[in-house]
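Welcome! Below are some short exercises, each followed by a worked solution. Have a look at the picture first, then try each task before reading on.

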Amino acid sequence: MPAITWEVFASRGFETAWPELGGGVLRARGRAVGFAHEPYWVTYELDTADRFVTRRLRVTTESAHEVRALNLLHDGQGQWTANGEPLSDVDGALDCDLGLCPLTNTMPVLRHGLHRTPGEREFLMAWVSVPDLVVRPSRQTYTHLGPGRVRYSSDGFRSDLEFDEEGYVVDYPQLATRLTAR
């Protein structure tokens, strides 16, 4: 399982993911270190179901002051729980979006082939902030700009992302850039 490593400008850190992709399913584990505000570590495991719909995101963050853990589950019917508690404000979302993590942009792009074919899609995401692991609803739009190029926009923020043929982020201006080849 080859690794992907990004330099993450937004956290002044780095992330490495070990993704497995096949049959409409993505599984990955990853680790990140960030230095924005204070040093912290992030460890995560991501599992999707058919068509790259998030099934589970398990995340742990660690700083000098505390360790936090989140077990985010999607029931396949549009309902979410965080550590066993219902999250009605993200009902209907198909995907999670782990803050400062370029890997989680892969699921909606692959599901609709937006890195290869024209189209624009709006999504509701279960967005997880890092390092506090608070889950919030996030409306995001992905627009195909050309082969391997997709515009991401949300709440007035916009960035033109570059994806490889497999659907992984190569460059996410203002957030991260990939350091290793897949």
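Buried residues, meaning those under 20% relative accessible area (exposed is over 50%, partly exposed in between; 1.4 Å probe, protein chains only), make up 51% of the 182 residues in the protein chain. This is a predicted model, where local features need pLDDT of at least 70 and side-chain atom pairs count only at pLDDT 80 or more, while totals for chains, interfaces and linings use all residues. Residues are numbered from 1 along each chain as its sequence is written, and side-chain values use heavy atoms, with hydrogens and water left out.

**Exercise 1. Describe the overall build of the protein chain.**

Step 1: begin with the secondary structure. The protein chain has one helix and 15 strands; these are DSSP runs numbered from the N terminus, with helices (H or I) of at least four residues and strands (E) of at least two.

Step 2: turn to compactness. The radius of gyration is 15 Å, close to the 16 Å that the globule rule gives for 182 residues, so the protein chain is as compact as a globular protein of that length. Here the radius is taken over C-alpha atoms, and the rule is 2.2 Å times the number of residues to the power 0.38.

Step 3: add the box. Along the principal axes, the C-alpha atoms fill roughly 45 × 35 × 35 Å.

Step 4: look at the contacts, that is, heavy atoms within 4.5 Å. Of the contacts with a separation of 6 or more, 42% are between residues 24 or more positions apart.

**Exercise 2. Find the partners of two residues in strand 4, D47 and T48.**

Step 1: locate D47. Strand 4 covers residues 40–48 and includes D47.

Step 2: judge its cover. D47 has a relative accessible area of 13%, so it is buried.

Step 3: list its neighbours. Beyond four places in sequence, D47 is in contact with L26, R27, T54, R55 and R56. With R56 there is a polar contact between the two side chains, at 2.3 Å. A polar contact is a pair of N or O atoms within 3.5 Å; within protein, one must be able to donate a hydrogen and the other to accept it, and residues adjacent in sequence count only if both atoms are side-chain atoms.

Step 4: move to T48, also placed in strand 4. Its relative accessible area is 0%, so T48 is buried. Not counting residues up to four places away, T48 touches G24, V25, L26, V53, T54, R55 and M107. The T48 side chain reaches the backbone nitrogen of L26 at 2.7 Å.

**Exercise 3. Is R111 buried or exposed, and what does its side chain reach?**

Step 1: find R111 in helix 1, residues 106–112.

Step 2: check the accessibility. The value for R111 is 8%, so this residue counts as buried.

Step 3: follow the side chain. One of its polar atoms lies 3.0 Å from the backbone oxygen of F52.

Step 4: complete the list. Apart from neighbours within four places, R111 is in contact with R51, F52, V53, L94, D95 and F123.

**Exercise 4. Pick out the backbone features that go against the common pattern.**

Step 1: recall the pattern. Most residues other than glycine have a negative phi, and most peptide bonds are trans.

Step 2: look for a cis bond. V130 and P131 are joined by one, with omega about 10 degrees. P131 sits in the loop between strand 10 (120–128) and strand 11 (135–146).

Step 3: look for positive phi. H37 is not a glycine, yet its phi is about 75 degrees. H37 is in the loop between strand 3 (25–34) and strand 4, and it is exposed at 87% relative accessible area.

Step 4: add D155, also not a glycine, with a positive phi of about 50 degrees. D155 is in the loop between strand 12 (149–154) and strand 13, and it is exposed at 74%.

**Exercise 5. Which residues does T177 contact beyond four places in sequence?**

Step 1: place T177 in strand 15, residues 176–178.

Step 2: read off the contacts, which are T5, W6, E7, F9, V170 and D171.

Step 3: single out D171. Its side chain and that of T177 make a polar contact at 3.2 Å.
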